[in-house]
Amino acid sequence: MAQRSSSRPPFAWTEKDFGEDVLPDKRRLAAALQEICRHLVVTTPEGVTPARPTQAQAAKYLHVSETTLLRYLKGERVPPEKGAARIYDTACRDAGGGQKLGITKRKLLELRARAEQERCANCSRSRDAVRAAGQKLRALQETHEEFERSAAEQDQELRNLRQHATALKQEMQLMKAAQPIPASEAGPRKSPMAARPATLLPVPRRQGDRQQSKNEALAARSVGRRAEELLHGGRPDSILALLRHTAEAYAPLEMALLVRLLRTREQAELADNLVHIYARDRTDQDVVRAALMLHEHQAVTDAEALLRTAAAHPGSALSRTDGSGSPR
């Protein structure tokens with residue numbers, strides 16, 4: 001054993017094999033460090049300078065652990081800039097000059113910088129995949145948050161529309177309760193129409209009719225509010241929902257006033273849609289009364305359009321009168 005150990009050349013421990021996963025720049029740096037370490041004149045803490053220093057003695061001489069030095073020489077780890085400079089300076093001092101080392105300090109540090117920047121292709125692909133997955137996750141999170149905001153806005157809008165519909169129905173009940181019963185309909189009645197609530201007949205107004213003026217004033221206030229809601233509805237589906245609620249809840253007088261107000265504000269499309277929906281969804285009696293109210297307020301064209309739409313629309317108020325027995 002002693003003969004085999006003594007036959008090995010000095011610094012044989014610096015000759016390291018590189019693994020297949022060690023990249024080219026790291027190989028070049030490790031090979032340069034192996035060559036530099038062969039010029040060390042290792043001195044133990046006791047002041048002894050062995051002719052065949054071991055790897056452990058060299059590591060202690062360089063003030064690093066033996067495992068760290070091993071990884072430097074095998075290209076498994078890139079030393080920090082100060083560590084590489086310390087190894088070079090120590091070997092340069094022991095060799096008596098940098099010309100004997102076969103490499104300059106600047107060249108060694110350049111090798112170290114390139115080895116540090118060198119990246120495994122698989123690692124790069126993995127980092128790119130992680131980065132792409134992170135970007136996709138952030139995009140999905142933003143989309144999810146947008147969906148949640150949209151759902152909350154639509155839910156709030158639906159609640160607002162329901163509140164409007166409820167308020168309109170209550171307002172209509174109060175207005176119908178305040179409308180007078182014509183003298184011709186006073187007293188006991190046996191006709192099927194007796195159960196219907198009393199509404200204002202579409203007859204020409206008489207000069208000084210205070211009840212009529214009061215009803216129109218109430219209707220005008222309601223119409224003004226609804227016109228503002230329609231004009232500032234924003235989204236088409238919201239405006240359509242408001243038109244449907246309006247057609248369902250408004251009395252003929254209110255409908256006529258709202259159509260005139262929309263025409264005055266140059267909102268022809270809203271007025272046309274309201275006339276169409278009212279003719280389609282209301283009874284023949286409501287349609288006829290609304291047409292008379294429009295005619296009374298000099299909206300002859302809208303009155304004719306209301307009657308024509310109701311008569312021509314399948315299943316509309318007027319086209320159902322033949323089978324329902326409602327008065328024409």
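Q: What share of the contacts in the protein chain with a separation of 6 or more joins residues 24 or more positions apart?
A: This is a predicted model, in which local features need pLDDT of at least 70, side-chain atom pairs count only at pLDDT 80 or more, and totals for chains, interfaces and linings use all residues. Residues are numbered from 1 along each chain as its sequence is written, and side-chain values use heavy atoms, with hydrogens and water left out. A contact means heavy atoms within 4.5 Å. For contacts in the protein chain with a separation of 6 or more, the share from residues 24 or more positions apart is 65%.

Q: How many helices does the protein chain have?
A: Helices (H or I, at least four residues) and strands (E, at least two) are DSSP runs, numbered from the N terminus. The number of strands in the protein chain is zero. Its helices come to 14.

Q: What percentage of the residues of the protein chain count as buried?
A: Buried means under 20% relative accessible area, exposed over 50%, and partly exposed in between (1.4 Å probe, protein chains only). The protein chain has 328 residues. The buried part of them is 35%.

Q: Which residues touch the most other members of the largest nonpolar core?
A: A nonpolar core is a set of buried Ala, Val, Leu, Ile, Met, Phe, Trp, Tyr and Cys residues joined through side-chain atoms within 4.5 Å. The largest one has 38 residues, and α7 (121–178), α8 (210–231), α9 (236–249), α10 (252–264), α11 (268–281), α12 (284–296) and α13 (300–312) each supply at least two of them. Apart from this core lies another of 26 residues, including Ile 36, Leu 40, Val 42 and Tyr 61. In the largest core, the residues that touch the most other members are Leu 230, Leu 258 and Leu 306.

Q: Which residues does Leu 230 contact, leaving aside its neighbours within four places in sequence?
A: Leu 230 is one of the residues that touch the most other members of the largest nonpolar core. With neighbours within four places in sequence set aside, the contacts of Leu 230 are Ile 239, Leu 242, Leu 243, Leu 258, Leu 262 and Leu 270.

Q: Why is the pair of Phe 11 and Trp 13 called tilted?
A: The structure holds one aromatic pair. Rings of Phe, Tyr and Trp (its six-membered ring) pair if their centres lie within 6.5 Å; planes under 30 degrees apart count as stacked, over 60 as edge-to-face and the rest as tilted. Phe 11 and Trp 13 are both buried. Their ring centres are 5.8 Å apart, and the pair is tilted because the angle between the ring planes is 50°.

Q: How far apart are the C-alpha atoms of Pro 252 and Val 287?
A: Pro 252 lies in helix α10 and is buried, at 13% relative accessible area. Beyond four places in sequence, Pro 252 is in contact with Tyr 278, Asp 286, Arg 289, Ala 290 and Met 293. Pro 252 and Val 287 are 35 residues apart along the chain, and their C-alpha atoms are separated by 7.4 Å.

Q: What is the relative accessible area of Asp 286?
A: Asp 286 is in helix α12. Leaving aside neighbours within four places in sequence, Asp 286 is in contact with Pro 252 and Tyr 278. Asp 286 is buried, and its relative accessible area is 16%.

Q: What is the distance between the closest N and O atoms in the salt bridge of Arg 282 with Asp 286?
A: A salt bridge is a side-chain nitrogen of Lys or Arg within 4 Å of a carboxyl oxygen of Asp or Glu, and the structure holds 14 of them. Arg 282 and Asp 286 are both buried. In their salt bridge, the closest N and O atoms lie apart by 2.9 Å.

Q: Which residues are joined into one network by salt bridges that share partners?
A: Arg 263 forms a salt bridge with Asp 272, with the closest N and O atoms 2.6 Å apart, and another with Asp 302, at 2.7 Å. Arg 263 lies in helix α10 and Asp 302 in helix α13, so this pair ties together parts 39 residues apart in sequence. Asp 302 is buried at 9% relative accessibility, while Asp 272 is partly exposed at 41%, as is Arg 263 at 31%. The network consists of Arg 263, Asp 272 and Asp 302.

Q: Over which residues, with 31 contacts beyond four places in sequence, does pLDDT stay under 50?
A: pLDDT is the predictor's confidence in each residue, from 0 to 100; its mean for the protein chain is 79, and 77% of the residues reach 70 or more. It also stays under 50 over residues 318–328, for which the model has 18 contacts beyond four places in sequence. Where pLDDT is low, the predicted coordinates should not be read in detail. The stretch with 31 such contacts is residues 186–208.
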